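Biologist: Could you walk me through reading salt bridges and confidence in a model like this one?
Modeller: Sure, let's pull it up.

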Amino acid sequence: MKIKPLILLLLIFLSGCKQNTNRETPSKTNLSTNLTTIKKLLDSINVEDQKYRTEIEAINQKHGWESDEMINHWKKINKIDSSNLRVVEQILEKHGWLSTEEIGYTANSTLFLVIQHSNQETQEKYLPMMRQAVKDGKANARSLALLEDRIGLGKGELQVYGSQIGKDQETGEMYVLPLIDPEHVNKRRAKVGLGPIEDYISHWNLEWNLEEYKKKLPKWIEKLKAEKR
């Protein structure tokens, strides 16, 4: 079984609350309508979402991407993601996309984070809602850009903002997954409030070499298309 993680180091910085290990998944009938309670619940989910993802690289270094330890770790993450998604879907169904003013920055970010970590079908389901939330000032345009990129790649299309980083399983090389019109990526990023791609990919110790990227792009595009056939 091959593990092909899409690395989103930027998202790790969203967590900042104490973990509540006793949280239970509420039913539709007992989900609180109190925004303070919902805020605390989403803050807890944020920590839970990130807790095991922060351990991935250490497991990789010690055991490797395809080890039993890594496979079991991803099973644990997927189980938690599924539980968190059930809660977030109930909140979105009952309240819509709650703004930062209503529930705070971390809880608001968690709505996106959980959708971002869901499957392709769920991501596409909530994409229109998040687009509207951005128009209404209730969601972050930067976060929407990450979701747009992930959905596009999931459909075998090129990403727009260069937010998704991949790893070549054959060479071990980290790279920006196939990107449309790389010459103007920074203009597109600036429009949604993202910094230059040079700064962004430096988190993975990568350097942005446009000409080199364009040379390798056809190979990466073919690989992407092959994976979706």
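**Salt bridges and confidence**

Modeller: Let's begin inside one helix of this predicted model. Glu-212 and Lys-216 sit four residues apart in helix H11, so about one helical turn separates them. They form a salt bridge, with the closest N and O atoms 4.0 Å apart.

Biologist: Are Glu-212 and Lys-216 buried or exposed, or in between?

Modeller: In between: Glu-212 is partly exposed at 34% relative accessibility, and Lys-216 is partly exposed at 24%.

Biologist: Which parts does the salt bridge of Arg-53 and Asp-81 tie together?

Modeller: The N-to-O gap in that one is 2.7 Å. Arg-53 is in the loop between helices H2 and H3 while Asp-81 is in helix H4, so the bridge ties together parts 28 residues apart in sequence. Arg-53 is buried at 14% relative accessibility, and Asp-81 is buried at 9%. Asp-49 joins Arg-53 and Asp-81 in a salt-bridge network.

Biologist: What about Asp-168 and Lys-223?

Modeller: Their side chains meet in a salt bridge at 3.8 Å, N to O. Asp-168 lies in the loop between strands S1 and S2 and Lys-223 in helix H11, so this pair links parts 55 residues apart in sequence. Asp-168 is buried, at 5%, whereas Lys-223 is partly exposed, at 27%.

Biologist: How many salt bridges does the structure hold?

Modeller: Twelve.

Biologist: And where does pLDDT stay under 50?

Modeller: Where pLDDT is low, don't read the predicted coordinates in detail. Here that stretch is residues 1-29. For the chain, the mean pLDDT is 87, and 86% of residues reach 70 or more. Among the elements, helix H1 has the lowest mean, 35, and helix H9 the highest, 98.

Conventions:
Residues numbered from 1 in each chain as written. Predicted model: local features only at pLDDT ≥ 70, side-chain atom pairs only at ≥ 80, totals over all residues. Heavy atoms only, no water. pLDDT = per-residue confidence, 0-100. Helix = DSSP H or I, 4+ residues; strand = E, 2+ residues; numbered from the N terminus. Contact = heavy atoms within 4.5 Å. Buried < 20%, exposed > 50% of the residue type's maximum accessible area, 1.4 Å probe, protein only.
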